[in-house]
There are 2 protein chains.
Amino acid sequence: MAAGELIPIGVVHSPLTDRAAAPKQGHEGAPDAWVVFESAVADGLDGIREGDELIVLTWLDRARRDVLRVHPRGDPAKREQGVFSTRSPDRPNPIGLHRVRVLALHGLRLKVADLEALDSTPVIDVKPVIATDGR
Amino acid sequence: MAAGELIPIGVVHSPLTDRAAAPKQGHEGAPDAWVVFESAVADGLDGIREGDELIVLTWLDRARRDVLRVHPRGDPAKREQGVFSTRSPDRPNPIGLHRVRVLALHGLRLKVADLEALDSTPVIDVKPVIATDGR
């Protein structure tokens, strides 16, 4: 069994540069940010509209991959638990899942609200939220 | 800029073996299925409980990575659009996002409802749903 090599489809441009200062989740006060796509995937953007709710998947390139247990939200007062029951960025495959709202799309540049990823984080996929399940 | 190599943390065991016959989304009638984890990540499972709502991320190893435009839901009557505004498995990084409910956890075996992934699909991450955003 093998899983594949990820190809970045774009990159996050954000004022957030410091993991310690970044909000834990986008709805906790992330600034507006941009996703700048690779020109090779331009055709994949057709259909994205202002106001859409999207899931942006990122590769959390500053996370640790050798961590299996964490204190939730980095709080040492909370009982340590397995990473798969937390949203810790540190995990075997550090994929970030970000629910965002589209503010604008200009060519390859997508402006979004509620993206808590750090500046220069690679983007690996974008999907629509499905209304029937809130995902 | 580079993104990483994915490490499978487990695998889907499901009666679904045929992409054409599988439901498009888990809430459209997926059978109960199992995620069988690698023993190396056992510590990461601590904290998962029966009844939890989780997001399972998979690597859709039978998808095409060279597709940027599709007919939504494979329906030729629907206007072709970019893959990033659809849930098509065919996309540059074929990552599946599945909202599931935990039926049981026995050691490394997690029984879940509403997982539409095909049998033998690699699992790459598991995260809790966050109640405040439905993600």
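Biologist: What makes the side chains of B:Asp46 and A:Arg79 a salt bridge?

Modeller: A salt bridge requires a side-chain nitrogen of Lys or Arg within 4 Å of a carboxyl oxygen of Asp or Glu. The side chains of B:Asp46 and A:Arg79 meet at 3.6 Å, N to O, so the pair satisfies that rule. This is a predicted model, in which local features need pLDDT of at least 70 and side-chain atom pairs count only at pLDDT 80 or more, while totals for chains, interfaces and linings use all residues. Residues are numbered from 1 along each chain as its sequence is written, chains are lettered from A and ligands numbered from 1 in the order in which they are written, and side-chain values use heavy atoms, with hydrogens and water left out.

Biologist: Why does the pair of B:Asp46 and A:Arg79 join two chains?

Modeller: B:Asp46 lies in the loop between β2 (33-37) and β3 (53-59) of chain B, and A:Arg79 in the loop between β4 (69-70) and β5 of chain A, so the pair joins two chains. Strands such as these are DSSP runs (E, at least two residues), as helices are (H or I, at least four), numbered from the N terminus.

Biologist: How many salt bridges does the rule find across the interface of chain A and chain B?

Modeller: The rule finds six across that interface, and a search of the whole structure finds 16 over all chains. One salt bridge between the chains is that of B:Arg69 and A:Asp46, at 3.1 Å, N to O.

Biologist: How do you know which residues are in contact, and what area do chain A and chain B bury?

Modeller: Contact means heavy atoms within 4.5 Å; 57 residues of chain A are in contact with 57 residues of chain B. Buried area is the accessible area (1.4 Å probe) that two parts lose on being put together, summed over both. Chain A and chain B bury about 5300 Å² between them, 57% of it on carbon and sulfur atoms.

Biologist: Which element gives the most to the side of chain A that touches chain B?

Modeller: The elements giving two or more residues to that side are β1 (10-13), β3 (53-59), β5 (81-82), β6 (95-106) and β8 (122-128) of chain A. Of these, β8(A) gives the most, with six residues.

Biologist: What makes β3(A) and β8(A) a pair of strands?

Modeller: Two strands pair if DSSP finds at least two bridges between them. β3(A) and β8(A) have five bridges, in the antiparallel sense, so they meet the requirement. Within this pair, A:Leu57 stands opposite A:Asp125.

Biologist: In what order do the six strands of chain A close into a barrel?

Modeller: The order is β1-β2-β7-β6-β3-β8, with antiparallel pairing. Neighbouring strands are turned by 45 degrees against each other on average, direction ignored; axes are lines fitted to C-alpha atoms, for helices over the stretch in contact, and angles run from 0 to 180 degrees between N-to-C directions.

Biologist: Which strands form the closed barrel of chain B, and how many bridges join β1 and β8 there?

Modeller: The closed barrel of chain B runs β1-β2-β7-β6-β3-β8, also with antiparallel pairing. Strands β1 (residues 10-13) and β8 (residues 122-128) of chain B pair over two bridges, so this pair meets the requirement of at least two. B:Val11 stands opposite B:Pro122 in β8(B).

Biologist: What joins β6(B) to β7(B)?

Modeller: Five bridges join these antiparallel strands; B:Ala104 has B:Lys111 as its bridge partner. The two strands form a hairpin with two residues between them, and B:Gly107 in the turn has a positive phi of about 60 degrees.
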